[in-house]
Amino acid sequence: MSGNGNGAATAEENGPKMRVIRVGTRKSQLARIQTDSVVAMLKAFYPGLQFEIVAMSTTGDKILDTALSKIGEKSLFTKELEHALEKNEVDLVVHSLKDLPTVLPPGFTIGAICKRENPYDAVVFHPKFVGKTLETLPEKSVVGTSSLRRAAQLQRKFPHLEFKSIRGNLNTRLRKLDELQEFSAIILAAAGLQRMGWQHRVGQILHPEECMYAVGQGALGVEVRAKDQDMLDLVGVLHDPETLLRCIAERAFLRHLEGGCSVPVAVHTAMKDGQLYLTGGVWSLDGSDSMQETMQATIRVTAQQEDGPEDDPQLVGITARNIPREAQLAAENLGISLASLLLNKGAKNILDVARQLNDAH
């Protein structure tokens, strides 16, 4: 830039080339790694842009002595970041998609869902149990997890084990496992361990027949202001069509069930030969009562997207103008249909009891 004091004007005249895009993130090491990966993808698309990372602590990072399901706050890991977005202190925020509620506060939208990594859960064993599996752990071994979803499914599958809440970021949880002698193993998302470069700690991957995953698990979401068309266009290039459609179906399923982290709800999705398959389930807190079903829908993603006149293009909090609307609606309808099927078969009772028991403890 010239030193004549017109730097800002020059930047404006040149459009977005000179802009600094401010990216909000949580402070944890994993959050920073995830944010760096999204910024790297954006830089590849927009080499002329600069990116500044703004890290902050969220409520969920600060309350570490209470199980997530007990705190009763849907935006535990997002509220402070959204506040910064609202005040225009950042332009976009990178989240683990599973942390984003299915109904976002007014004025926000998910402008991009990046290609999903391994969505499954992984077991990390205490050093003295390396080589074991959950099945072969000794009777009454204590397994740590911060998730009702994991505990309910695994208690049902492995009744000889005890499940106990463990909180903290990945580094903290691994340290508690290795140093406290309290846990024989802990359950973590495989994607987080991969992103941290800790694949060597994975002793077992849990497949859907053992433990279905959380809605959106393994995918990153980029949240922006809903009316910031410039930023929506900028981040929209990151949408991965298959991940997007799978996650729309999953989020629609969860939203229609009115589930959250205070009840055990889990999913599994797959795309094959133009068919989107969605399996969804609900469990009682101890896993003794459960219900799950699978449905499929034909999804066409080849049609050219035309910008329609919709006032609100969002589906389950997501805006994706560059992906055919028809395909998005088919994915959303699949999620709603599966949730309706489960509700008609009595899932509401399982969820209501789970909610009441969770609130009472």
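In this predicted model, L343 touches H256, L257 and K348, leaving aside residues up to four places away in sequence. L343 sits in helix α11. Along the chain, L343 and H256 are 87 residues apart, yet their C-alpha atoms are 9.2 Å apart in space. How covered is L343? Its relative accessible area comes to 26%, and since buried means under 20% and exposed over 50%, L343 counts as partly exposed.

Those touches belong to a helix-helix contact. Two packed helices are described by the angle between their axes and the distance between the axes. For α10 and helix α11 (residues 325-344), the angle is about 35° and the axes are 7 Å apart. The crossing of α10 past α11 is right-handed. On the α10 side, the contact is made by L244, L245, I248, A249, A252, F253, H256 and L257. From α11 come A327, Q328, A331, E332, L334, G335, I336, L338, A339, S340, L342 and L343. What kinds of residues are these? Sorted by type, the contact of α10 with α11 holds 15 nonpolar, 4 polar and 1 charged.

Helix α10 (residues 241-257) also has a sheet to deal with: it lies across β11 and β12, running at about 150° to β11. Helix α12 (residues 347-360) packs on the sheet too, touching β11, β12 and β13, and its direction makes about 50° with that of β12.

As for the sheet itself, 3 strands make it up, in the order β11-β12-β13; it is open, and the pairing is antiparallel. Which strands stand at the edges? They are β11 (265-272) and β13 (290-298); each has a single partner strand, so one side of each is left without a neighbour in the sheet. From one strand to the next, the twist averages 15°. Between β11 and strand β12 (residues 275-283), which run antiparallel, there are 8 bridges. One of the pairs links K272 with its bridge partner in β12, Q275.

Elsewhere in the chain, strand β3 (residues 92-96) is mostly covered, with 5 of its 5 residues buried. In a regular strand the side chains alternate between the two faces of the sheet. In β3, L92, V94 and S96 point one way while V93 and H95 point the other, and all are buried. Which strands pair with β3? Strand β1 (residues 20-26) pairs with β3 in the parallel sense over 2 bridges, and V23 has L92 as its bridge partner in β3. Strand β10 (residues 220-225) pairs with β3 in the antiparallel sense, over 4 bridges; here V93 has E223 as its bridge partner in β10.

Helix α2 (residues 29-45) makes for a quick check on length. At 1.5 Å a residue, its 17 residues should span 24 Å, and the end C-alpha atoms are 25 Å apart, which agrees. An α-helix has 3.6 residues a turn, so residues three or four places apart point the same way. The buried residues in α2 include L30, A31, Q34, T35, V38, V39 and L42.

Stepping back to the whole chain, there are 12 helices and 13 strands. Of the 361 residues, 52% count as buried. Among contacts with a separation of 6 or more, 72% come from residues 24 or more positions apart.

Note on methods. Residues are numbered from 1 along each chain as its sequence is written. This is a predicted model: local features need pLDDT of at least 70, side-chain atom pairs count only at pLDDT 80 or more; totals for chains, interfaces and linings use all residues. Side-chain values use heavy atoms; hydrogens and water are left out. Two strands pair if DSSP finds at least two bridges between them. Axes are lines fitted to C-alpha atoms, for helices over the stretch in contact, and angles run from 0 to 180 degrees between N-to-C directions. Contact means heavy atoms within 4.5 Å. A crossing is left-handed if the near helix is turned anticlockwise from the far one by less than a right angle, and right-handed if clockwise. Ala, Val, Leu, Ile, Met, Phe, Trp, Tyr, Cys and Pro count as nonpolar, Asp, Glu, Lys and Arg as charged, and the others, Gly among them, as polar. The expected span of a helix is 1.5 Å times one less than its number of residues. Buried means under 20% relative accessible area, exposed over 50%, partly exposed in between (1.4 Å probe, protein chains only).
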